[in-house]
Amino acid sequence: MTWLLVHPPLLGPAVLGPLAAGLRAGGARVAVPDLRGEVQDPTGTGPSAAGWDRRWAAAVGPADVVVGFSGAGIVLPAVAAACGARRVVWLDAVLPPEEGTARWPADVRARVAPLTGDDGRVADWTTWWGPDAMAELLPDPDVRAAVLAEGHRLPADLWSAGVAVPPLTAEPRYVHLSAAYDADAAAARARGWPVAGDGRGAHLDVATDPARVAALLG
């Protein structure tokens with residue numbers, strides 16, 4: 001079975017490295033592509049993320065199972081369709097509408113607005129929480145160093161653009177790690193999807209407790 005793990009726009013693939021290693025140890029084939037460059041619109045005269053959802057879908061290869069973490073959830077239907085997945089898992093992730101156009105949640109847009117610089121880019125996510133926060137969130141020094149090394153600043157218009165949501169044909173699942181995604185997990189449950197996890201952990205359990213998270217993936 002081939003797995004595709006999709007990192008959120010705000011981070012790089014390193015945050016999913018421990019989970020990928022655990023899945024590989026169990027015999028799975030796992031791809032964790034670096035999609036950070038695909039957020040940047042190369043045709044723009046200034047920083048822009050225009051068309052990032054189409055570029056992400058075009059950049060992935062075939063996979064049986066697609067797992068999208070955190071903000072990757074908003075583009076997951078398009079990615080899953082592009083790689084012909086049979087199963088798709090939202091991993092403590094933003095849940096888009098069932099089809100049509102997805103918009104980022106209002107609280108996310110409000111959080112990003114004051115972090116935008118004069119150059120039209122948003123501050124690196126790893127700096128949002130203060131100087132000591134990452135050591136607490138990612139206590140393993142090797143994992144933390146890898147995540148910090150991939151820090152990047154995104155075009156601010158990423159959060160104002162709509163994302164096209166094709167109809168989902170793959171089998172869906174939601175994995176609920178943290179209270180921050182209570183509403184998304186509840187929405188998944190209301191759609192009749194299986195929801196694993198109770199939301200009492202931490203969002204970055206994906207990196208700090210990968211064995212438990214792998215078991216929740218089903």
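This report walks through the overall fold, the sheet and the largest pocket of a predicted model.

**Overall build**

Let's start with the whole chain. Its secondary structure adds up to 9 helices and 8 strands. The radius of gyration comes out at 16 Å, close to the 17 Å that the globule rule gives for 218 residues, so the chain is as compact as a globular protein of that length. If you want a feel for the extents, the C-alpha atoms fill a box of roughly 45 × 40 × 30 Å along the principal axes.

**The sheet**

Now for the strands. Six of them, in the order 2-1-3-4-7-8, make up an open sheet with parallel pairing. The edges belong to strand 2 (29–31) and strand 8 (195–196); each has a single partner strand, so one side of each is left without a neighbour in the sheet.

Helix 1 (residues 17–25) packs on this sheet, where it touches strand 1, strand 2 and strand 4 (87–91). The direction of helix 1 makes about 175 degrees with that of strand 1.

Some of the strand pairs are set out here, with their bridge counts.

| Strand pair | Sense | Bridges |
|---|---|---|
| Strand 1 (residues 2–6) and strand 2 | parallel | 3 bridges |
| Strand 4 and strand 7 (residues 171–175) | parallel | 5 bridges |
| Strand 7 and strand 8 | parallel | 2 bridges |

A few residues help you find these pairings in the viewer. Leu4 sits opposite Ala31 of strand 2. Further along the sheet order, Val88 stands opposite Pro172 in strand 7. At the strand 8 edge, Tyr174 has Val195 as its bridge partner. As a reminder while you look at side chains, those of a regular strand alternate between the two faces of the sheet.

**The largest pocket**

How much space lies in the largest pocket? The answer is about 700 Å³. Its lining is made of 25 residues, and the ones that lie nearest the centre are Ser70, Val108, Trp125, Tyr181 and His203.

What kind of residues make up that lining? They split into 19 nonpolar, 3 polar and 3 charged.

As for where the lining comes from, helix 4 (106–112) and helix 7 (182–190) each supply at least two residues. Which helix gives the largest share? That is helix 4, with 4 residues of the lining.

Definitions and conventions: Residues are numbered from 1 along each chain as its sequence is written. This is a predicted model: local features need pLDDT of at least 70, side-chain atom pairs count only at pLDDT 80 or more; totals for chains, interfaces and linings use all residues. Side-chain values use heavy atoms; hydrogens and water are left out. On a 1 Å grid over the protein atoms alone, a cavity is a set of points where a 1.4 Å probe fits but cannot get out, and a pocket is an open set with protein on both sides within 12 Å along at least five of seven lines; lining residues have an atom within 4 Å of a point. Grid points are joined across faces, edges and corners, and a volume is the space filled by probe spheres set on the points. Ala, Val, Leu, Ile, Met, Phe, Trp, Tyr, Cys and Pro count as nonpolar, Asp, Glu, Lys and Arg as charged, and the others, Gly among them, as polar. Two strands pair if DSSP finds at least two bridges between them. Contact means heavy atoms within 4.5 Å. Axes are lines fitted to C-alpha atoms, for helices over the stretch in contact, and angles run from 0 to 180 degrees between N-to-C directions. The radius of gyration is taken over C-alpha atoms; the globule rule is 2.2 Å times the number of residues to the power 0.38.
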